[in-house]
Amino acid sequence: MILSRTLTVLLVTAAWIAARPAATSDAIPLGPLLDRYAAGNFTDVERQLASTKTFGPLLEAFRRDAPAWIDAAGAADRDRRQLVAATVALEAARMGASREWKWIQLQPPMVAENGERYEPLNVLVWRAPPLLIEWGCELFRRDSTPRPIERWWQLAALSVAQRSEDPQFLVGDVQIGRGRQAGEIGNLQDEIKHLDHVGKRFPAEVRFTLAEGIARDRHWPEDAVKVYRALEPDPDAGGEATMRLGAMQMRQRRLPDAIRAFEKADTLTRDPYVVYLARFFLGQAHERQGQMQDAEAAFRGAANAIPHAQSATLSLAAILFRTGRRADAHTLVSGMLAADPQPRDPWRSFVHADDRFWPHLLGRLRAEITK
Amino acid sequence: MTRARAVLAAVVGWTSLALHAQTPAPPQFKSGVDTVVVDVIVRDGGRPVTGLRAEDFVVTDNGVRQRVSSVDAASVPIDLTMVVDVSGNPRGPWQDPPDSAAVMAAVDREVREVARSLRAEDRVRILAIDRQVVQLSPFRPAASLPPITRMPFDGLPSLFDTLAAALLHGTEPARRHVVVARSKGLDSLSALDAGTVKAIAERSDALLHISVMETSLDNEEAFSAFQCRFMGLCWPTREFWVPSRRRLIGGLPRHPLLPDGQLIAEGAQATGGALHQASLLTTPSLTGVFRRTMDEYRNGYVLRFVPEKPAPGWHELTVRVPSNSRYQVRARPGYFIEAPPTPSTPPAAPASTEIRTLDDLIQAFERMEYSRVTSSARAERDPLGHLRAFEARGNPWPAAPRREAALLLDLVEPALFSSKDDARSAAYASLDRFSRLVRDPLAPDVFERYWYFAVLTMLEGTIRPGATEVFVKRARDRFPDEPRFLLSEAIAADQRWTGRVTGGAAGPGDAHTELVRRLYGEALAHRETAAEARVRLAWFLHRLGKDDEALPLLVDDVAAAANDTSIAYLRALFRGHVLTGLQRPAEAEAAFRAAISIHPSSQSARVALMNARLLSGARQEAEALAEEIQKEPRAALDPWWTYWQGQYRFAAQAMTRVREIAR
């Protein structure tokens, strides 16, 4: 049948694109790389990964060579070597997190022998970085009971995935049911749905629950609202969930609801990242309602939570400048530009969510490796 | 009356070959406080007109003619802010980005080309548009511009924020601020919108020119269209950020200004500058825009006047040269005077060294005068009011929130020890709230551990086991491996019955006995708590009348004695009492004497020894001891006096540790 033959050709083409070999200069000998990491030469490995242009060959090397490397030192060192391999894979994935993680390929319409026109759904092709995470995750999943360090690895994996800005890796096709023109995919068997795996292994971990809400925030807001509301009483994630709920409400132009949520979030946590965002959004909500004094106070509060963070500093400076306090505005902005190091602005990384924990999480993994 | 602070710019003869600026672009000069400074360029056809004097110009401000003075613009040094857009992948979507060194080298080349045309007295700074506003180089003489060695790129653009940051610069009165920006015409991440940038520009002292890289945008769109049509790659794979793309211009072929672009263009015009778009196949370059701006500016004039009617609001300007009707005089349409600033809060009085109010206390805490903070909090007559005021005030240190939790311990302590129910209830409520706020979002950490320890030591000190048990449970849920919390649970259980089975008095009941034995038994298994658990369990058994079981627990432990003399003292003291119970008076006396040698000024061991001597018939010696005890100053703390307060003796140490971590 023409239809199925064409589909096969397209899928083979897609697979070839995904798996095509990269330049030989990117071929990294995996064993020495893992040895160096296991010995604690992290910066060295980091530098090598940073200079890598394509991660396909590295993924292939992991699949081919890593199992033997993990087993090479015997059972006593197996767990540690497993962690080394999974962590290097994760670091490589993060290096590639700023690039496209996948292709969604539009398929041309097909005509069957009976003349019937058929428009196949799109084909999803993952690129190497998410598959590196999935490789590491699979490695851990072989143990039926998670080790404590796996939780830290999975939290780190989540932070990398959120940095990629690609919710499909976490929760599946966000265009499902919306048709080929919207980018809906047909090859559902290739979905990863990382949070499904992780959720089963760590059902009580609130960061993974919160991640479900964040991943659904834009495309499935009703689901996200359920997650955020359910998390509100949680002592660890309640503040952030409430703040994110408020941000959704603000996007939906429900400003009084949003303001209530931001004010509440500010009382539920002392996490400067969450407090900053709750106050920054509160300022924006007040600004939209023309309540400029309240907006100014909220932006000032945000800037107090993370001094020199740009979004609140500039929002505050703009109000000061427009109301005649030019010198104050100039001082704020010159301080902001001169800040060294420049603080991470929570608004700029709002969507990256747990990526803010990456340094801490990576530190835990590396400490475990050198223990 | 507010002192007017205003800016006026005017320009003449802005012509463009490759560019078609939206409006003429007058250079502009920084004003003084009362003086409006006006940049003017006069052209006769395409030729700049030079040699004009102040009296050749007629300037009206809201229709009122002004008296002006003038100077050549070329003599005023400039501060140039160059804004370069490095957001997005220069190679286009779905491509691997180029080497960062190559991107930096390209920007560096362009910046240096511009800097070469500046004079020695001019200064330049470079800002980059990317995910953040990035200052690649602060203002410095153009000749000493360092090479760009570190530059982010390939992020989402924060165009509006970067333009605002560029404009919000206070220029010295004798200098002129010029902003030349090059943008891809997209914004994704800015906190500010285009309307705010326009409002800032209208009030700014700077001259803003912005060019849009339409060719780059067109190439990207063409590339995307090709990818979609021939490769099937039609969708952005990053799904989180929408609607995040705010565009200044529309697509091919005419690139019309979209609403945001219109606002930015109006803002640039209001400064005397312009938004420049491509003509035919040419995109205006940073260097090209800069050179044109400078050529015009240096052939111009600076007019100054003191406004006759400096009322707040928009001031419409006209500038004419009436002596020659052929001259083209083009100026910015007006300038803005801000309304009087809202009176600011008077500066805070210098920090008082005396602690009278909650704010004094907070400031003293900030100055790390911890012992003063503790003693002031303890001396507070209304600890409930203090606590309520603290809660209502909010976190004084949002950027270092742990300090707040550390200070809370000082404020909560007197309330916990208060005889008033409402004060204690408020203290418990505060601790309850903060037990949530001290949590790290990922996992229990060292701060939370010490914070709980400090809380538990205080609660044990109040000898209200019900309250202690509530917080012990939480602490143990968070730190199941912490032996001190286990010991705290044991002590709280022990505190529920402080009696003694003697003279017919009833015991505590089997369940209680079993619980206390089990908890102390568990604490015995940990090195950190074994010595204290052993002593406390022994005393519990002694109170139950089980001296034979208690005695083996009270053997000397030299290592533990070195670490904690209180426990060493209590061990010796209790051994004396247990031996007395076992009718072994000589050994008991030896034990009491051992206790005295550990804590020579402690009263309890002396009293016990006095009783022992009295019972053994040494009345005179007993009386001498009694005399000695009464003469002893009361200052020395006897570990026995605080025995029932559990680990409260560690409260100060725990709080010190909490403060250290919070700092």
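In this predicted model, 17 residue pairs, both members at pLDDT 80 or more, are in polar contact between chain B and chain A. On the side of chain B that touches chain A, strand 8, strand 9, helix 2, helix 3 (194-203) and helix 11 (421-437) of chain B each supply at least two residues. The residues of this side of chain B divide into 29 nonpolar, 11 polar and 16 charged. Four salt bridges are found across the interface of chain B and chain A, and in one salt bridge the side chains of B:Arg439 and A:Asp236 meet at 2.7 Å, N to O.

The extent of the interface can be described both by residues and by area. In terms of residues, 56 of chain B are in contact with 80 of chain A. The size of an interface is often given as the accessible area lost when the parts come together. By that description, chain B and chain A bury about 6,000 Å² between them, and 55% of this area lies on carbon and sulfur atoms.

Strand 8 and strand 9, which supply residues to the side of chain B that touches chain A, also belong to an open sheet of six strands in chain B, where the order is 9-8-7-10-12-14 and the pairing is mixed. The edge strands of this sheet are strand 9 and strand 14 (274-276) of chain B, each of which pairs on one side only. Neighbouring strands of the sheet are turned by 15° against each other on average, when direction is ignored.

Strands of a sheet pair through backbone hydrogen bonds, either parallel or antiparallel. The antiparallel sense is found for strand 8 (residues 123-129) and strand 9 (residues 133-141) of chain B, which pair over six bridges. These two strands of chain B form a hairpin with three residues between them, and B:Ile129 has B:Val133 in strand 9 of chain B as its bridge partner. By contrast, strand 12 (residues 207-212) and strand 14 of chain B run parallel and are joined by three bridges, with B:Ser211 standing opposite B:His276 in strand 14 of chain B.

Two helices of chain B pack on this sheet. Helix 1 (residues 100-116) of chain B touches strand 7 (78-85), strand 8 and strand 10 (176-183) of chain B, and the direction of helix 1 makes about 155° with that of strand 7 of chain B. Helix 2 (residues 159-167) of chain B touches strand 7, strand 8, strand 9, strand 10 and strand 12 of chain B, and the direction of helix 2 makes about 160° with that of strand 8 of chain B.

Note on methods: Residues are numbered from 1 along each chain as its sequence is written. Chains are lettered from A and ligands numbered from 1 in the order in which they are written. This is a predicted model: local features need pLDDT of at least 70, side-chain atom pairs count only at pLDDT 80 or more; totals for chains, interfaces and linings use all residues. Side-chain values use heavy atoms; hydrogens and water are left out. Two strands pair if DSSP finds at least two bridges between them. Helices (H or I, at least four residues) and strands (E, at least two) are DSSP runs, numbered from the N terminus. Axes are lines fitted to C-alpha atoms, for helices over the stretch in contact, and angles run from 0 to 180 degrees between N-to-C directions. Contact means heavy atoms within 4.5 Å. Buried area is the accessible area (1.4 Å probe) that two parts lose on being put together, summed over both. A polar contact is a pair of N or O atoms within 3.5 Å; within protein, one must be able to donate a hydrogen and the other to accept it, and residues adjacent in sequence count only if both atoms are side-chain atoms. Ala, Val, Leu, Ile, Met, Phe, Trp, Tyr, Cys and Pro count as nonpolar, Asp, Glu, Lys and Arg as charged, and the others, Gly among them, as polar.
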